[in-house]
Amino acid sequence: MTSRLHILLAGAALWVLAGQAAHAAEPKAQIRGEIDAELRRKLEQAVGQVDAAPSSRFEARRRARGAMEAAEALLRSEGYYQSALQDEVEGEDKPVAIITVTPGRRFMLSDVHINWSAPPPDADTARATFEDIQLKPGEPGRAADVLAAEGRIVATLTREGYADARAEPRRVVVDHASFTVQPNFNIASGALVRLDGIQVRTRGPTNPDWVANLAPWTKGDRYDPEDVAELERRLLDTGVYDGVGVSLAPIEETDAEGLRPVVVSLADRPRSLLEAGATYSTAEGAGVDVFQTRYNRFGRAATLKYGGRFASIDSRLGGEASFPHWRRPGRTLKLSSYLVNEQTDAYDRSAITVSADLSQRIGKTSYFTYGLGVDAGQYTEYRFDPVTQAPITFDRDLAILTGRAIAFMDRSNDPLDPTRGFRLYVSAQPTAVAGEDTVLFLKTEGQATAYLPLQDGAKTVLAGRARIGSIIGGEELTVPSDRLFYSGGGGSVRGYSYQSINPRLPNNKPRGGLSLFETSLEVRRDIGEKFQAVAFVDAGAIGFQETPNLTNMRYGAGVGVRYKLPFGPVRADVAFPLNKREGDSGFQLYISIGQAF
């Protein structure tokens with residue numbers, strides 16, 4: 001069986017090699033002459049390749065003539081208008097197609113002219129348009145540069161408010177006496193477009209007045225394609241539409257004041273979606289999620305989501321409402337209320353939570369958020385008595401009022417698979433606790449991530465993360481357990497289970513801390529088009545003072561694989577604790593969507 005397998009493998013290899021040899025490409029014609037390396041490369045590319053040598057001199061002659069026509073077109077496009085080319089065939093039994101090229105003198109650009117069809121644009125726009133041509137006298141007279149310049153002329157006019165601008169047939173004068181190329185562009189700018197209101201076309205419940213309030217222009221403003229694109233982004237950001245189209249109305253709809261409306265076409269996604277899911281983890285147990293989501297409520301793209309999650313660690317029942325562009329574009333109001341039951345190694349909590357948050361988008365990917373949250377319920381907490389040095393358990397009924405202020409800046413190039421740039425996150429949560437204890441404290445946290453491509457095309461990427469947190473004004477025994485810092489798990493220090501980075505109480509339960517430090521370093525290497533290999537090191541520490549304590553650092557390391565899908569990578573990581581304690585698992589496995597950070 002083994003020898004037969006070897007024979008089959010060898011035969012397959014020979015078949016592949018023979019196929020490759022049979023289909024080896026070769027130039028359609030050899031190029032000869034005194035030509036610089038860059039021009040020769042372009043000529044070879046223009047001439048192209050064939051799969052096999054010519055079968056006769058007649059075939060070789062046909063190829064040589066076809067190659068000569070392609071070479072002549074390339075030379076003219078590069079500014080060589082007095083080139084000399086000759087086709088010939090060498091050999092009888094194995095004929096070879098050849099073209100001999102003498103490029104001649106290269107023609108250079110002379111002064112550029114723009115001829116405006118009536119009505120011409122205003123003087124400022126005409127001047128800006130001419131500055132954007134980017135054709136300088138004395139540069140090579142390349143056809144591609146001339147075409148690109150014409151495109152820039154139309155783009156500049158459009159950007160300046162001339163939405164109907166178009167290029168008419170150009171006239172390029174080639175002077176063989178002075179060896180110059182003079183482009184003459186004929187441009188019809190059309191009339192300056194000023195914007196009117198918005199026409200909404202939809203079968204859904206969207207309120208046209210709400211859409212009109214999202215427009216980043218007012219009546220009478222100049223047309224700007226960036227403003228039109230921004231309105232489209234604002235509508236897409238709501239997440240309730242399958243399709244959004246924003247375009248200028250036809251010129252026939254211009255009113256007596258010279259104003260033109262903008263047409264907004266909206267295709268709603270299904271109005272209701274039922275989602276169900278199940279999860280299982282050796283560290284966090286089993287869980288089931290069932291949520292109903294309703295889209296585009298109240299005619300202003302609001303989303304309602306309600307249902308429950310039933311899991312070993314965190315179960316909750318309730319819902320939330322999201323109102324995009326609340327009272328101003330880019331601002332989202334989010335209201336939520338849940339009945340929560342948490343059962344962790346560090347504490348148990350049964351509570352009702354109510355929160356209201358306002359998020360304001362800054363640019364395309366950054367935002368800041370501020371809001372309030374109220375939690376009220378019963379806490380069963382496992383703590384450490386610093387006097388007796390013994391673990392203690394106590395129950396408290398608490399009401400917690402939390403203010404939230406969060407800022408997030410994203411300067412990376414991709415939300416799920418970044419390869420360059422950075423992200424910054426900071427938060428501050430002033431908190432007041434009432435009930436069986438009265439406490440005031442401030443919880444602060446910040447995280448920075450950065451991505452550095454080490455090769456062209458970002459085939460190898462170095463990624464780093466640092467996170468720091470501190471609770472100011474509170475004490476370990478009085479701050480509610482769910483507000484203390486914990487570390488360990490797939491989103492923090494891999495190789496350790498949930499909350500297990502924390503120092504242990506004498507009964508082996510995790511001890512929550514007043515400060516936190518975490519850091520991670522990853523090397524990501526692409527393997528082919530779809531896969532990526534990853535090696536990483538994570539570290540973290542929990543402290544019992546306001547400043548992080550780095551003397552009890554825990555380290556984890558591991559490897560992973562990413563499978564790239566159109567929407568982002570699916571990741572699988574296996575990690576090992578490097579300074580394992582009694583009770584720690586030998587390894588942890590993590591599977592999720594998107595990079596670890």
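How do the residues that line the second largest pocket divide into nonpolar, polar and charged? The split is 11 nonpolar, 14 polar and 8 charged, where Ala, Val, Leu, Ile, Met, Phe, Trp, Tyr, Cys and Pro count as nonpolar, Asp, Glu, Lys and Arg as charged, and the others, Gly among them, as polar. The model is predicted, so local features need pLDDT of at least 70 and side-chain atom pairs pLDDT 80 or more, while totals for chains, interfaces and linings use all residues. Numbering starts from 1 along each chain as its sequence is written, and side-chain values use heavy atoms, with hydrogens and water left out.

This second largest pocket holds about 750 Å³ of space. A pocket here is an open set of points on a 1 Å grid over the protein atoms alone, where a 1.4 Å probe fits, with protein on both sides within 12 Å along at least five of seven lines; lining residues have an atom within 4 Å of a point. The volume is the space filled by probe spheres set on the points, which are joined across faces, edges and corners. Of its 33 lining residues, Thr365, Ser366, Tyr367, Phe408 and Tyr425 sit closest to the centre. Strand 22 supplies the largest share, 5 residues; strands are DSSP runs (E, at least two residues) numbered from the N terminus.

The largest pocket takes up about 1,400 Å³. Its lining counts 46 residues, with Arg316, Arg349, Arg404, Gln429 and Asp482 closest to the centre. Strand 18 (347-362) is among the contributing elements and gives the most, 8 residues. By type, this lining comes out as 13 nonpolar, 18 polar and 15 charged.

Note on methods: Helix = DSSP H or I, 4+ residues; strand = E, 2+ residues; numbered from the N terminus.
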